[in-house]
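User: I am new to this structure and would like a close look at a single part of it. Please take one helix, explain how it sits among its surroundings, and then place it in the wider picture.

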Amino acid sequence: MTIKHILNTVSIIAVVTTFNVSAHVKGLLQVSAINADSQTSWQERGVGLYRFDSDTEGVLLSQGLLDFRTDLTSAWSAHGVINAYQDPEPTVGFTQAYLQYKPLTQNKYKWHVRVGGFYPLLSLENPDMGWLSPYNYTNSAINSWVGEELRTLGIEATIKRPGRSFNSAHSFSFVGATFKGNDPAGTLLAWRGFALHDRQTTFNEGIAFAPVASLNTPQLQFQANQVLPFEEVDGRYGYYIGMHWDYLKQSQFRFYYYDNNGDPAAINYSTGQYAWDTRFSSAAWLYKFTRKTRLITQMMSGSTAMGAKRGVDNRFYSHFILLSHKLALHRLSIRYDYFEVTDKDDWAFDPNASHGEGITATWRYQLNQQWQLGAEASALRSQADNRPLMGLSPRISQQQIALNAQWRF
Amino acid sequence: MKLLSAILLTLLAFSSQAATITVYNQGQKVQPNVVVWLQAKTPISVPRKPEEMFTMGQKDRQFTPHILVVEQNGQVDFPNADSIMHHVYSFSKSKSFELKLYREQPQAPITFEQTGVVELGCNIHDWMLGYIVVVDSPYYGITDEQGQVTLDVPVGEYTLNSWHEGFADISSIESKAVSIVSEALRYQLKQPLIPRVAIGVDEFDDY
């Protein structure tokens with residue numbers, strides 16, 4: 001049984017039981033009017049780092065999702081998120097589908113297990129329905145990448161020491177997971193670099209990137225011009241471990257170490273996908289100065305490599321700082337991102353180094369429980385060493401303005 | 001004369017007293033949030049089944065009220081005002097139960113047949129904490145910020161019971177024999193109170 005079979009089974013169980021057992025279904029539609037940059041988006045095989053460009057701008061459905069939870073027994077529940085997108089191609093698919101086992105226990109320590117396809121909970125930026133951010137519309141560079149290339153197709157166990165059980169202000173969780181799939185994660189960092197967007201990849205999707213010149217060389221001739229990020233290539237298990245530490249809920253800290261344990265020599269010739277040896281550490285911290293004002297910051301540092309002799313071997317690093325303030329029905333959020341990829345290999349014909357920074361400012365207004373209006377302005381500048389080989393300037397600056405209307409039920 | 005004294009005695013027996021009880025902690029300060037109830041030494045009438053419906057809501061991912069006092073055999077509703085689900089449970093000796101609560105699906109109320117302290121939790125939001133104190137008396141209340149509670153009781157001999165979430169053993173209560181004759185009564189807790197941590201949350205703390 002392959003991972004896709006397991007995922008499909010979980011999805012089918014989830015959907016079927018939704019209609020049989022008591023289910024909790026929520027949904028969200030977000031329509032955006034975009035004034036985009038002229039630089040062609042990575043989604044359209046360009047080198048632009050935003051989701052939209054002047055060819056795709058106008059009014060469009062930027063988010064459409066259904067989030068459901070169904071209780072099978074007291075301890076077992078099925079969870080799923082279905083996303084619909086119209087860019088780059090009209091798509092409907094699952095971004096999460098998993099079963100959760102969370103027994104009611106008298107023990108002071110609590111535990112739960114998730115099985116299926118889901119996000120590692122390393123971000124504090126994406127707590128809204130369907131892994132959306134309630135702060136900026138455009139995710140940080142770190143979580144844009146997590147949303148496109150990272151997903152756990154496996155099993156995760158969490159043991160929690162809740163402060164409430166011990167009459168302590170401190171709560172701790174310890175997380176461990178093992179998974180298959182997710183072998184090509186890192187591909188986009190090598191040939192595109194980090195980007196800034198809110199386009200999550202559904203389980204069966206591929207993500208295209210620019211026609212990088214080095215893919216025409218004999219060394220990289222088997223690499224497709226797209227990534228299928230959740231594919232299993234090398235037959236090996238990956239793992240991650242994590243720790244959450246909350247002080248009351250005023251300070252929330254999360255640390256994760258992820259290693260997909262990819263065998264860089266492994267390749268699937270039919271799909272053109274390598275297994276990348278990708279590992280990283282991520283530290284995230286949320287701090288509430290007051291009930292209204294909070295700081296969220298995250299750092300990620302790691303490496304990724306492919307090829308029998310690690311012909312492509314890169315380090316990557318990114319951080320962001322986000323300040324958000326709530327004023328009655330208004331929420332203002334501003335975020336600074338820094339991101340870089342450094343090239344550690346000696347394949348001069350395949351330069352992978354890139355870096356950049358961006359600023360994103362967002363205003364949201366909660367009209368009522370169903371409707372939210374908002375506007376976002378963002379700007380970034382980036383440099384990538386592989387752009388000149390495609391006849392492009394290595395440096396680009398981009399700006400984007402978006403007006404958004406969100407409706408949820 | 002006989003008749004007059006009989007009438008007086010009858011009046012005395014049925015006369016009510018608004019008794020104000022002030023609870024002090026061991027630091028001699030007034031103590032809010034103490035559950036107080038008076039049990040008659042000799043039952044005045046047969047124990048009744050309360051007709052009143054009690055409510056323990058969940059709002060903004062907390063139990064509201066934090067402490068609910070319920071008469072024995074009282075029925076409690078658990079309405080969920082949040083848009084998310086709660087999984088309310090208790091492992092307490094006097095009442096053990098679990099309840100999955102969606103906003104759209106009101107559940108049947110739960111009857112609390114036994115006296116005692118019931119500690120509530122939520123299996124989804126592990127910071128949520130609430131208490132239901134089940135008492136076998138219609139004379140109960142919770143002390144206010146001034147440490148006071150006013151109970152409308154017939155004069156007579158009573159056992160004054162008290163409970164606070166800071167008790168070392170939260171399933172235990174303190175009791176003392178009292179006479180309700182005047183309107184003011186003072187009660188001093190016998191044990192020190194352990195400060196309880198309350199975890200405040202907002203809409204994004206679930207994740």
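Analyst: What follows looks at helix H2 of chain A and then moves outward to the cores and to chain B. The model is a predicted one, and within it helix H2 of chain A, which runs over residues 141–149, is mostly covered, with nine of its nine residues buried. These buried residues include A:Ala141, A:Ile142, A:Trp145 and A:Val146, and among them are also A:Asn143, A:Glu148 and A:Glu149. They pack against helix H3 (187–191) of chain A and against several strands of that chain, including S8 (207–208), S9 (226–227), S15 (293–306), S16 (312–327) and S17 (330–343).

A:Ala141 from this helix also has a place in the largest nonpolar core, where, of the 74 residues, A:Ala141 and A:Leu189 touch the most other members. Leaving aside its neighbours within four places in sequence, A:Leu189 is in contact with A:Trp145, and its other contacts are A:Phe194, A:Thr304, A:Asn314, A:Phe316 and A:Val341. Apart from this core lies another, of 42 residues, among them B:Met56, B:Met85, B:Tyr89 and B:Tyr187.

Turning to the two chains together, 21 residues of chain B are in contact with 21 residues of chain A. On the side of chain B that touches chain A, the elements giving two or more residues are strand S8 (86–92) and strand S9 (95–101) of chain B, and the residues of that side divide into 12 nonpolar, three polar and six charged. Chain B as a whole has one helix and 17 strands, and 31% of its 207 residues count as buried.

Conventions: Residues are numbered from 1 along each chain as its sequence is written. Chains are lettered from A and ligands numbered from 1 in the order in which they are written. This is a predicted model: local features need pLDDT of at least 70, side-chain atom pairs count only at pLDDT 80 or more; totals for chains, interfaces and linings use all residues. A residue is buried if 20 or more other C-beta atoms lie within 10 Å of its own, exposed if 12 or fewer, and partly exposed in between; C-beta atoms are placed from the backbone. Helices (H or I, at least four residues) and strands (E, at least two) are DSSP runs, numbered from the N terminus. Two residues are in contact if their C-beta atoms, placed from the backbone, lie within 7 Å. Ala, Val, Leu, Ile, Met, Phe, Trp, Tyr, Cys and Pro count as nonpolar, Asp, Glu, Lys and Arg as charged, and the others, Gly among them, as polar. A nonpolar core is a set of buried Ala, Val, Leu, Ile, Met, Phe, Trp, Tyr and Cys residues joined through C-beta atoms within 7 Å.
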